[in-house]
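This report goes through a protein model in plain terms, taking salt bridges, strands and buried residues in turn. Please keep the structure in view while reading.

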Amino acid sequence: MPPKKPGPPNTFGTGPVRLRQIALVARDLAKARRLLTYVLGTEVIYEDPEVAQWGLANILVPVGGEIIEVVSPTRDGTTAGRLLEKKGVDEAGYMIIMQNEDAKKRREFIEEKEMAKVIFSHEVKGKSGEEEGWCVQYHPKGIRGGVIPELDSHAPTKSNPEPLRTRFSPWHPCGPDVERYTAKMKEYRHLSLIGAVCRLAPGDWGAELASTQWEQTFGIPRSRDLCQFTNARVGFVHGEEGELEGMVSVSVGVVGERRRKAIFDRAREMGALKEERERRYVDMVGVRWNFSLTGEDEWEGSRL
C-alpha cells in the first residue's frame, strides 16, 4: 500500500515507539570491533550465537540504554553480504530496530493493511515458557530508506513494569543475563542514541513521503521528514545520483565536553576523524557519526 500524501495525522494510529538499536554490517568484524569500542570508549556486552543460523557473527555495544550492533557475514549468500555486494562497499548501515508496546498487534495491523511483508518473526519466551515479547523484521522492498526495519516489544513484568519508558530496561538481543548487560548499559550512561539519517534511492525526492510511510506502517509520530521516537529522531533526505541509498549517519549524545573531546581524540588517533565546514564527525563502520552534547560532566574524574 503506497503512503498517503503528507498532511494531517493519519488514521492508522501512532503511539510511543523507541529507537532501541542500530545495526551496521561489516566484512571485517574484528576491525569494526576495535574501532567502534575504542572510539566510543565502550565495550562489547554480547555476541549472539543464534545469528550463526543466518550465516552471521555479531557484536553488541551499549550506548546508554540503546545498542549499536555490527553483523558480519560468515558465508556466501547472506542478506547482509548481498547488501555489501550491491553497494560495492565493505561496511554499511543495515537495520533500524524499534521497540513499541505490542509488536505482535502491530504486525497484525500491518499485514491486514498489506503495508509491508514480514521476513522474520520470533516469539520471545521467558524461562518458564511464557510470552515475553515479539521480534518482527520487515522486508525493505517498498519501504523508503534502504534499511531493514524491525519492530520488537517486551511484555510488562513486576521487575520491568514499563519496558518502553525505562531507559535501562531488558532487551532480548543482548542475551539472557539481564542483570549483567543492564549494569553495563548504566556504566555507559553518559552516551545515548539520539538519531539517524537515511538517504532515499537516487531520484527519489519524497523525504516527507518516507516519514509518512514509516508513521503509517510502524506507528511512529512524525513531523515533516522526521520520525519522532520517544528518545530520538530518524530523518530522511532526498536521493541523489551517484549516492547510495541507505543509512548515512548515526547521532550519539555525550554528557560533557571533556568526554566528547576524548572521543574525537581517539578517532583522530585511528584516522577516523573528519572535518567539514568547521564541524567534526567520525567516519566509522560505513556511516558518519555525529556527537552532540547532552549535558555537563557530573563530576570531576568521572569515567571517560
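Is Arg33 buried, partly exposed or exposed? With a relative accessible area of 32%, Arg33 is partly exposed. This value, like the others below, is computed from a predicted model.

## Salt bridges

The structure holds 15 salt bridges. One of them joins the side chains of Glu47 and Arg33, with 3.2 Å from N to O. The two residues sit in distant parts of the chain: Arg33 belongs to helix α1 (29–40), Glu47 to the loop between α1 and β2 (56–63), and they are 14 residues apart. Glu47 is partly exposed, at 45% relative accessible area.

Another salt bridge pairs Asp204 with Arg144, whose closest N and O atoms are 2.9 Å apart. Asp204 lies in the loop between β8 (191–199) and α5, and Arg144 in the loop between β6 (131–138) and β7, so this pair ties together parts that are 60 residues apart in sequence. The limit for calling a residue buried is a relative accessible area under 20%. Asp204, with 18%, is therefore buried, while Arg144, with 22%, counts as partly exposed.

A further pair lies within one helix. Asp265 and Lys261 are both in helix α6 (residues 257–269), four residues apart, which is about one turn of the helix. Their side chains meet in a salt bridge of 2.8 Å, N to O. Asp265 is partly exposed, with a relative accessible area of 30%, and Lys261 is partly exposed too, at 44%. Elsewhere, salt bridges that share partners join Glu43, Lys184 and Glu187 into one network.

## Strands β1, β4, β5, β6 and β7

Strands of a sheet pair through backbone hydrogen bonds, either parallel or antiparallel. Several pairings in this model are listed in the table.

| Strand pair | Direction | Bridges |
|---|---|---|
| β1 and β4 | antiparallel | eight |
| β4 and β7 | parallel | five |
| β5 and β6 | antiparallel | seven |
| β6 and β7 | antiparallel | five |
| β12 and β15 | parallel | seven |

How many of the nine residues of strand β4 are buried? Eight are, so β4 (residues 91–99) is largely enclosed by the rest of the structure. Strand β4 pairs with β1 (residues 18–26) and with β7 (residues 148–154). On the β1 side, Val25 stands opposite Ala92 of β4. On the β7 side, Met95 has Ile148 as its bridge partner.

Strand β6 is also mostly covered, with six of its eight residues buried. Strand β6 pairs with β5 (residues 118–125), where Ser121 and Val136 of β6 are bridge partners. Strand β6 also pairs with β7, and there Cys135 is matched with Asp152 in β7.

## An open sheet of eight strands

In what order do the eight strands of the open sheet stand? The order is β9-β10-β11-β8-β12-β15-β14-β13, and the pairing is mixed. Strands β9 (222–223) and β13 (273–276) stand at the edges, each with a single partner strand, so one side of each is left without a neighbour in the sheet.

Within this order, β12 (residues 246–255) and β15 (residues 287–295) run parallel and are joined by seven bridges. Val254 stands opposite Leu293 in β15. Helix α5 (residues 207–218) lies across β9, β10 (226–228) and β11 (233–237), and runs at about 140° to β11.

## Two buried residues

Glu66 lies in strand β3. Its relative accessible area is 4%, so Glu66 is buried. Leaving out residues up to four places away in sequence, Glu66 touches Arg18, Leu19, Arg20, Val61, Ser192, Leu193 and Asn231.

Thr78 is found in the loop between β3 (66–73) and α2 (79–87). Is Thr78 buried or exposed? Thr78 counts as buried, because its relative accessibility is 4%. Which residues does Thr78 contact, leaving aside its neighbours within four places in sequence? They are Trp54, Gly55, Leu56 and Pro73.

Note on methods. Residues numbered from 1 in each chain as written. Predicted model: local features only at pLDDT ≥ 70, side-chain atom pairs only at ≥ 80, totals over all residues. Heavy atoms only, no water. Pairing = 2+ DSSP bridges. Contact = heavy atoms within 4.5 Å. Axes fitted to C-alpha atoms, helices over the stretch in contact; angles between N-to-C directions. Buried < 20%, exposed > 50% of the residue type's maximum accessible area, 1.4 Å probe, protein only. Salt bridge = Lys/Arg side-chain N within 4 Å of Asp/Glu carboxyl O.
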